[in-house]
Amino acid sequence: MPNRRPPLPSSEDLKRWGEERLIDFDEKEKVTSSWISTFTLAVYVFGQAIGVWVIVTRHNTLSTTFKKGDYRLSLLFALMTVVTDAVYYSLVTGDPGRLLREDQMDDEAHHEVASLMRRSAEQLPEYLRKEQYCKYCRTTKLLRAKHCHSCGCCVARFDHHCFWIYNCVGAKNHFRFFVLLILLTVNLGWGNYLVWESFTKTPPNATFNQSNIDAAKNIVPLIATFLGMPMWIFILIVLSCHIVIVATSVTTWEFVKRSKIPYLRSIPSGSNPWDKGCLNNVASFCLTRKMDWKLPPEYCHNPV
């Protein structure tokens with residue numbers, strides 16, 4: 001006789017595994033989230049405004065070429081700043097790949113996601129069904145998904161919850177987050193160089209008194225440098241980590257918490273079910289951007 005797949009868990013099983021009622025994001029957490037998001041956005045905009053003001057008003061390569069009538073560098077810098085802000089805004093307000101709660105599964109507006117979640121639940125190995133059940137959303141998560149308590153939902157191919165965008169990084173926005181890191185690295189690096197130029201260079205043919213006046217005004221560029229340089233180094237480190245993550249087809253959560261993730265416990269530490277080789281991993285991440293929620297058959301055995 002054919003080897004039949006065991007039936008899906010009953011409603012009694014789900015209640016036993018999870019909680020009796022749906023736990024949603026309460027109003028206090030929503031207000032806190034809103035304040036944190038507003039604060040991080042304000043810090044970003046304020047820091048950028050200081051940097052742009054210093055670059056435009058002080059003596060540096062950008063301001064010098066602009067005064068001479070060569071606007072190419074200025075337009076390039078402005079374009080990069082606008083694109084960076086647009087990507088940042090899309091990450092703050094966009095969907096990282098939210099999965100549905102129990103009360104949303106029958107909503108026609110979410111039919112495609114609901115169908116994907118049901119199909120995923122049917123194909124899960126028996127030993128993972130209890131582990132993948134989310135007691136907060138009262139649904140069975142896709143593999144590689146995780147419930148985020150800050151966002152109050154499960155996120156497909158969860159990478160991490162980012163404080164600076166106050167949103168999760170997941171299946172739908174990981175590529176944009178990676179692009180933001182590249183843009184910030186280039187833009188902040190260039191901006192820090194121009195601010196440093198403003199701090200160290202004196203306009204040509206300046207008198208001694210004028211030089212002293214400029215030195216007194218250097219306090220703002222100095223503060224901007226002290227704020228901008230550590231941020232640039234931090235973003236460069238984060239970008240380096242994500243280059244490794246993209247090249248190896250893992251997520252930050254899987255890399256950091258591998259030993260605690262049910263579907264990875266039985267897999268040797270040197271193996272990755274979704275690794276297709278560096279070039280294929282990068283191409284998949286940048287071009288197709290698939291969720292990769294299926295566990296290959298050779299990894300579908302129950303851990304001893």
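User: What makes the contact between Asp95 and Lys172 a salt bridge?

Analyst: In this predicted model, the closest N and O atoms of Asp95 and Lys172 are 3.3 Å apart. A salt bridge needs a Lys or Arg side-chain nitrogen within 4 Å of a carboxyl oxygen of Asp or Glu, so the pair qualifies. The two residues come from distant parts of the chain, 77 residues apart: Asp95 is in the loop between α4 (72–93) and α5 (111–123), and Lys172 is in the loop between β6 (167–169) and α7 (174–200).

User: Why is Lys172 called partly exposed?

Analyst: Its relative accessible area is 47%. Partly exposed covers the range between the buried limit of 20% and the exposed limit of 50%, so Lys172 belongs there. Asp95, at 26%, is partly exposed because that value also lies between those limits.

User: How do you know that Arg98 forms a salt bridge with Asp95?

Analyst: The closest N and O atoms of Arg98 and Asp95 are 3.5 Å apart. That is within 4 Å, so this pair counts as a salt bridge. Arg98 has 36% relative accessibility and is therefore partly exposed.

User: What makes Asp95, Arg98 and Lys172 one network?

Analyst: They are joined by salt bridges that share partners. Asp95 pairs with Lys172, and Asp95 also pairs with Arg98.

User: Why is Asp106 called exposed, while Arg118 is called partly exposed?

Analyst: Asp106 has 69% relative accessibility, and exposed means over 50%, so the word fits. Arg118 has 37%, which lies between 20% and 50%, so Arg118 is partly exposed.

User: How do you know that Asp106 and Arg118 meet in a salt bridge, and which parts does the pair tie together?

Analyst: The N to O distance is 3.2 Å, and the limit is 4 Å, so the side chains of Asp106 and Arg118 meet the rule. Asp106 lies in the loop between α4 and α5 and Arg118 in helix α5, so the pair links parts 12 residues apart in sequence. By this rule the model has 6 salt bridges.

User: What makes Trp164 suitable for a nonpolar patch on the surface?

Analyst: Trp164 has 32% relative accessibility. Patch residues need over 30%, so Trp164 passes that cut-off. Trp164 is found in the loop between β5 (160–162) and β6. Phe39, Phe163, Met231 and Phe234 form the patch with Trp164, and together the five have about 490 Å² of accessible area.

Terms used. Residues numbered from 1 in each chain as written. Predicted model: local features only at pLDDT ≥ 70, side-chain atom pairs only at ≥ 80, totals over all residues. Heavy atoms only, no water. Buried < 20%, exposed > 50% of the residue type's maximum accessible area, 1.4 Å probe, protein only. Helix = DSSP H or I, 4+ residues; strand = E, 2+ residues; numbered from the N terminus. Patch = residues over 30% accessible without salt bridge, like charges linked within 9 Å, V, L, I, M, F, W, Y side chains within 5 Å. Areas by Shrake-Rupley, 256 points an atom, 1.4 Å probe, with all protein chains shown as cover.
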